[in-house]
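Me: Please take a close look at one pocket for me, and go on from there to a helix. I am in my first year, so please explain each term as you use it.

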Amino acid sequence: MDNAISGVISEREPIWAAGFMSGTSLDAVDAAMVLTDGHRVLDWGPVAERKYTGEERAVLQAAVDAARAWQWEGDAPEGAFSAARAVLTRTHTDAFAALCAAPGAPVPLLAGVHGQTVLHRRPQFDGPGGGAVGATLQIIDAVVLRTAFGVPLVYDFRSADVAAGGEGAPLAPAYHGALLEGLGLEERGCGAVVLNLGGVANITARTAEGGLVAFDTGPANGPIDEWVLGHGHGTHDAGGRLAAAGTVHHDRLEALLGHAWFDQPPPKSLDRYDFGAGMVSGLSLEDGAATLTAFTARAVAAGLAQLSDRPSKVVACGGGRHNPVLMAELNAVCPCPVVAAEAVGWRGDSIEAEAFAFLAVRSVRGLPISWPTTTGVPGAMSGGRVLA
């Protein structure tokens with residue numbers, strides 16, 4: 001066994017690990033370091049963000065579009081995937097360099113890289129013995145990045161879960177659980193729920209027995225970003241200004257909430273494009289943004305209603321928490337206050353990157369990263385492929 005990885009696996013002491021996330025919003029690579037033993041987070045290191053240029057974003061979007069057209073049928077669109085891998089390699093390498101160049105930055109012994117999700121299909125089961133496992137694809141050139149980083153690297157975190165019949169998502173709940181455990185006794189015991197507002201929204205809750213329940217609730221930033229971009233008004237609804245200027249079309253909203261998705265029990269996962277901007281086609285730019293924003297909030301509220309216990313607080317992380325209209329909508333329809341991650345001392349823009357640093361350590365130490373109540377996998381299982 002490679003000496004670099006054997007030490008990481010055999011030692012049970014905390015190590016510094018770097019984590020990287022490129023979300024479905026295609027805005028940036030987020031990077032962060034945490035000090036962890038795979039159970040607890042003992043310290044937080046520097047963070048970095050490498051924004052995509054317009055040209056880089058276009059290359060990544062072309063890979064997503066090619067993957068959606070492909071749908072695992074016939075030859076894979078390797079040309080589009082190869083171009084995307086080149087962008088991901090360059091931007092992840094830049095993010096790693098920025099992370100390590102931060103003043104006082106520790107030296108990471110391990111890296112966890114999520115890669116870019118270009119396609120995700122949840123399992124379809126028609127009953128006992130019927131149906132099919134799902135499929136998921138995150139693209140990254142792990143071999144090249146392992147060389148560039150100079151430390152052991154963990155990647156492809158979702159495939160093992162999917163192959164075993166799980167949803168493959170969400171995976172951050174393993175880290176959300178550690179964050180919740182790190183809260184003070186008053187906060188920890190009050191039923192706080194973590195809400196991630198990325199391209200898709202997902203929640204993580206702790207059960208009375210200390211376990212985790214997690215699932216995607218519906219769309220979040222993805223359709224809003226798509227709507228705004230399609231109208232040539234930038235890449236997202238900055239500050240929620242478009243939604244604030246629009247009117248929610250409640251007839252359209254109620255029809256959307258009648259989707260069969262909301263009747264399905266958790267755990268459950270979504271592809272970024274399962275709910276798209278076409279949901280509000282025919283509306284004005286502002287009314288479409290307002291209706292999509294309200295839909296996200298109502299979908300989160302519907303997800304919270306599927307929990308066995310009513311939460312007393314929702315802690316929001318991810319880019320959506322920067323949208324004041326979305327946060328106001330959430331507070332209007334959810335059964336408890338919704339606060340930004342910073343209100344409890346978390347770094348809301350870096351939580352997913354931190355999560356994949358944490359998951360990398362859990363992976364090399366053989367600890368579970370998904371459970372029946374988070375992805376529907378038959379039993380607790382580890383995941384992540386390791387490049388020593």
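Reply: The second largest pocket holds about 360 Å³ of space, where a pocket is an open set of points on a 1 Å grid over the protein atoms alone, reachable by a 1.4 Å probe and with protein on both sides within 12 Å along at least five of seven lines, and its volume is the space filled by probe spheres set on those points, joined across faces, edges and corners. The model is predicted, so local features need pLDDT of at least 70 and side-chain atom pairs 80 or more, whereas totals for chains, interfaces and linings use all residues. Residues are numbered from 1 along each chain, and side-chain values use heavy atoms, without hydrogens and water.

Lining the pocket are 19 residues, of which Ala205, Arg206, Thr207, Ala208 and Asp309 come closest to its centre; a lining residue has an atom within 4 Å of a point. Two or more of these residues come from each of β9 (192-197), β10 (200-206) and β11 (212-219), strands being DSSP runs of E with at least two residues. By class, the lining has 10 nonpolar, 5 polar and 4 charged residues, with Asp, Glu, Lys and Arg counted as charged and Gly among the polar ones.

Turning to the helix, α10 (residues 250-257) has Leu253, Leu256 and Leu257 as its buried residues, meaning under 20% relative accessible area with a 1.4 Å probe. Seen down the axis of α10, these buried residues fall within an arc of 95°, so they line one face of the helix. Against α11 (285-305) the buried residues of α10 pack, contact being heavy atoms within 4.5 Å, while Asp251 and Ala255 are exposed on the other side, which is to say over 50%.

Methods. Helices (H or I, at least four residues) and strands (E, at least two) are DSSP runs, numbered from the N terminus. The arc is that of the directions from the helix axis to the C-beta atoms.
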